[in-house]
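Me: I am new to this structure and would like a close look at a single part of it. Please start from one residue and work outward to what surrounds it.

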Amino acid sequence: QVQLEESGGGLVQPGGSLRLSCAVSGTIFSIYDMAWYRQVPGSQRELVATISSRDMTNYLDSVKGRFSISRNNAWKRVYLQMNGLKPEDTAVYYCNRDPAKIPWGKGTLVTVSS
């Protein structure tokens, strides 16, 4: 069974940085695309960034130039480096590769506030 475990969230001031990490277990990792999502309570989960098996990346327009997704296939991890954080980035962040088939992890809470 595929398991996803996100970590690295916390409270940060506007303009600050955080690096999120997602550990993946129970599956082959290197051949699959991966993605980060986020969800604000009361709102739908949105796709933030994706990285393909060949390291091609895509980003939500509002995070372009500030966030960077990367992966380490040997460690089965995917990362989200977040710089220039804004209050509107406050959310619970999740990783996944196939939300229709893989249960969500617990996520990691990012709070951007002064």
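Reply:

**One arginine and its surroundings**

Arg 38 has its place in strand E4. The model is a predicted one, and what follows describes that model. Is Arg 38 buried or exposed? Its relative accessibility is 6%, and buried means under 20%, so Arg 38 counts as buried.

The side chain of Arg 38 has polar partners. One polar contact, of 3.0 Å, joins it to the side chain of Asp 89. Another, also given as 3.0 Å, joins the side chain of Arg 38 to that of Tyr 93. Arg 38 is also one of the residues in contact with Arg 45, once the neighbours of Arg 45 within four places in sequence are left aside.

Arg 45 is the next stop. Arg 45 sits in the loop between E4 and E5. With a relative accessible area of 27%, Arg 45 is partly exposed. Besides Arg 38, the contacts of Arg 45 outside its near sequence neighbours are Tyr 37, Gln 39, Tyr 94 and Trp 104. With Gln 39 there is a polar contact between the two side chains, at 3.0 Å. Tyr 93, the polar partner of Arg 38, can also be placed relative to Arg 45: the two C-alpha atoms are 9.1 Å apart, while 48 residues separate Arg 45 and Tyr 93 along the chain.

Now the sheet to which E4 belongs. It is an open sheet of six strands, in the order E2-E10-E9-E4-E5-E6, with mixed pairing. In that order, E4 stands between E9 and E5. The edges are strand E2 (10-12) and strand E6 (57-59); each has a single partner strand, so one side of each has no neighbour in the sheet. Direction ignored, neighbouring strands of this sheet are turned by 25° against each other on average.

At the E6 edge, E5 and E6 pair in the antiparallel sense over three bridges. Ile 51 stands opposite Thr 57 of E6. The loop between E5 and E6 holds Asp 55. Most residues other than glycine have a negative phi. Asp 55 departs from this, with a positive phi of about 70° although it is not a glycine. Lys 76 is likewise a non-glycine residue with a positive phi, here about 55°. Lys 76 is found in the loop between E7 and E8, and its relative accessible area of 30% makes it partly exposed.

Next comes the nonpolar core. Nonpolar side chains tend to be buried together in soluble globular proteins. Here the largest nonpolar core has 26 residues, and those with the most contacts inside it are Trp 36, Phe 67, Val 78, Leu 80, Met 82 and Tyr 93. Two or more core residues come from each of strand E3 (18-25), strand E4 (34-39), strand E5 (46-51), strand E7 (67-72), strand E8 (77-82), strand E9 (91-96) and strand E10 (108-112). E3 gives the most, with four residues. Tyr 93 thus appears again: it is named among the core residues with the most contacts, and its side chain makes a polar contact with that of Arg 38.

Met 82 can serve as an example from the core. Neighbours within four places in sequence aside, Met 82 is in contact with Gly 16, Ser 17, Leu 18, Leu 20, Arg 66, Phe 67, Tyr 93 and Val 110.

What covalent link joins two cysteines here? The structure holds one disulfide, formed by Cys 22 and Cys 95 with their sulfur atoms 1.8 Å apart. The link is right-handed, with 50° about the S-S bond. Cys 22 lies in strand E3 and Cys 95 in strand E9, so the pair ties together parts that are 73 residues apart in sequence. Cys 22 is buried at a relative accessible area of 0%, and Cys 95 is buried at 0% as well.

E3 also leads to E1. These two strands pair in the antiparallel sense over five bridges. Glu 5 has Ala 23, in E3, as its bridge partner. In a regular strand the side chains alternate between the two faces of the sheet. Strand E1 (residues 3-7) shows this alternation: Leu 4 and Glu 6 point to one face and are buried, whereas Gln 3, Glu 5 and Ser 7 point to the other and are not.

Definitions and conventions. Residues numbered from 1 in each chain as written. Predicted model: local features only at pLDDT ≥ 70, side-chain atom pairs only at ≥ 80, totals over all residues. Heavy atoms only, no water. Core = buried A, V, L, I, M, F, W, Y, C linked by side-chain atoms within 4.5 Å. Buried < 20%, exposed > 50% of the residue type's maximum accessible area, 1.4 Å probe, protein only. Contact = heavy atoms within 4.5 Å. Polar contact = N/O pair within 3.5 Å; in protein donor to acceptor, adjacent residues only side chain to side chain. Disulfide = S-S within 2.5 Å. Pairing = 2+ DSSP bridges. Axes fitted to C-alpha atoms, helices over the stretch in contact; angles between N-to-C directions.
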